[in-house]
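Open the model in your viewer and show side chains as sticks. This tour goes from one selection to the next.

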Amino acid sequence: MNRTLTLMSAVIVLASGLTACSNETTQKLTQQNQSFVGNDSSHNSATDTSLFSYSNVIDDIKQKTKVPVIAPDLSEPLENLYYGIQYKASEDEYALTVYATEKKLEVNSPELNKPGSRDMGGISGSKTNRPLNSFQEMEIPKNPKSITIDSNVSAWVDSDYDIFGYMEFNNWKVKVTLNGESATKKLTEVYNVLKNSSLKDFSSGQILLSSRDTFMRWQSEDKKYEYDFEWRSNSFSHAFEIIQPEK
């Protein structure tokens, strides 16, 4: 009975943490009162990604900020939906949010915040002069059981419930709290993706995974810039494909 109550408490705490994390990211991804639309008259299909407009948005961000820009890859079309974009940029920071919309909307349209648009996630980047700010307590489970993923990886899962897990690899810390999925399999997935990425050697980073969302926070290798990425996907492999930095 006590163990059940402990598990329920842990899930409640996680939900609070994810809400706080999501709110923090949402605050960074506030609306800029600017319309920036390309000539997309040749695009007619419902799955059109409107890449012409999107690439103009990215160019505009790069012109306005000194932060190296990492942006979601939206080359994969949506089924019967459109991508919507909300963004802002200044010399020291930028933020970009991606929506799935039922109709084509102008960039930064007020309708992106109304019914008919679904927030898919986004990214923000900013200059920093401090150590990485943790968005949640990154620690091993309360009843840890060590698991083997690779020789250079430290990883644990909860000894009673394989839904809580924690891993350290290079400068990354990874925490998973799932619902009916295996934390062991999820940590292994993250490691297999991260070990072949240029991000693995960045100065420091954190990944928080739930059964619904992927959160990432990391600093550039020179520790001058910090990035927050959030994507509505429980597949780390898929979310990471969206946000891989340019090589």
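**Stop 1: a charged network**

Select Arg212, Asp213, Glu230 and Arg232 together; salt bridges link these residues in a network. Keep in mind that you are looking at a predicted model.

Now zoom in on Glu230 and Arg232. Their side chains meet in a salt bridge, at 2.2 Å from N to O. Is Glu230 buried or exposed? Glu230 is buried, because its relative accessibility of 3% falls under the 20% limit. Arg232 has 23% relative accessibility and counts as partly exposed.

How many salt bridges does the model hold by the same rule? The count comes to eleven. The next two stops show two more pairs.

**Stop 2: a pair within a helix**

Select helix 2, residues 51-64. Then pick out Asp60 and Lys64, whose side chains form a salt bridge with 3.1 Å between N and O. Where do the two sit relative to each other along the helix? Asp60 and Lys64 are four residues apart in helix 2, so about one helical turn separates them.

Turn on the surface here. Asp60 is buried, at 7% relative accessibility. Lys64 is partly exposed, with a relative accessible area of 29%.

**Stop 3: Lys103 and Glu111**

Move on to Lys103 and Glu111. These residues form a salt bridge, and their closest N and O atoms are 3.1 Å apart. Check the surface again. Lys103 has a relative accessible area of 45%, which makes this residue partly exposed. Glu111 is partly exposed too, at 32% relative accessibility.

As a general point, side chains of opposite charge can pair when their charged atoms come close.

**Stop 4: two aromatic rings**

Leave the charges and turn to rings. The structure has five aromatic pairs. One of them joins Phe169 and Tyr191 in an edge-to-face arrangement. Their centres are 4.9 Å apart, and the planes meet at 85°. The label edge-to-face applies because 85° is over the 60-degree limit.

Which parts of the chain does this pair link? Colour strand 6, residues 164-169, to find Phe169. Then colour helix 3, residues 183-194, to find Tyr191. The two residues are 22 apart in the chain, and the pair links distant parts of it.

Are these two rings' residues buried or exposed? Show the surface once more: Phe169 is buried, and Tyr191 is buried as well.

How values were computed: Residues are numbered from 1 along each chain as its sequence is written. This is a predicted model: local features need pLDDT of at least 70, side-chain atom pairs count only at pLDDT 80 or more; totals for chains, interfaces and linings use all residues. Side-chain values use heavy atoms; hydrogens and water are left out. A salt bridge is a side-chain nitrogen of Lys or Arg within 4 Å of a carboxyl oxygen of Asp or Glu. Buried means under 20% relative accessible area, exposed over 50%, partly exposed in between (1.4 Å probe, protein chains only). Rings of Phe, Tyr and Trp (its six-membered ring) pair if their centres lie within 6.5 Å; planes under 30 degrees apart count as stacked, over 60 as edge-to-face and the rest as tilted.
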